[in-house]
Amino acid sequence: MLVEFKVVMYNPFILVIIATYNRPQSLLKALRSVDNQDYCNFTIFVSDNSTTDETERLIENVTLRHDFKYIHRPPQPNGIAHFNLILKDMPADYDYFMIS
């Protein structure tokens, strides 16, 4: 008896969210780490609520293989408030969070 199996490839879109606050060098390491992944169906979203423009200046000079978006938000009273803003704005099949 011959049994055939059909392989179904599932390639979900993943939104990699990196929340950052006044740590541009940690953000750069996180961006490079994510960008080096073999999986390609994702976008990197950086949400920055830093009190300086140092992170924004760093982002302007970053070149990545994958799509990425950057938003600078006003500083939040705490990390949970920042996280809640991100959750409200980000639809995807799966979310992966990195805190930098």
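## Helix α1 and its two sides

In this predicted model, the buried residues of helix α1 are P24, L27, L28, A30, L31, V34 and D35, where buried means under 20% relative accessible area, exposed over 50%, and partly exposed in between, with a 1.4 Å probe and protein chains only. Seen down the axis of α1, these buried residues fall within an arc of 165°, so they line one face of the helix; the arc is that of the directions from the helix axis to the C-beta atoms. On the other side of α1, Q25, K29 and R32 are exposed. An α-helix has 3.6 residues a turn, so residues three or four places apart point the same way.

## The chain as a whole

The protein chain has three helices and four strands, which follow one another from the N terminus as β-α-β-α-β-α-β. Helices (H or I, at least four residues) and strands (E, at least two) are DSSP runs, numbered from the N terminus. Of the 100 residues of the chain, 36% count as buried.

## One salt bridge

The structure holds one salt bridge, in which the side chains of D53 and R57 meet at 2.7 Å, N to O; the term stands for a side-chain nitrogen of Lys or Arg within 4 Å of a carboxyl oxygen of Asp or Glu. D53 counts as partly exposed because its relative accessibility is 43%, and R57, at 44%, also counts as partly exposed.

## Basis of the values

Residues are numbered from 1 along each chain as its sequence is written, and side-chain values use heavy atoms, leaving out hydrogens and water. Because the model is predicted, local features need pLDDT of at least 70 and side-chain atom pairs count only at pLDDT 80 or more, while totals for chains, interfaces and linings use all residues.
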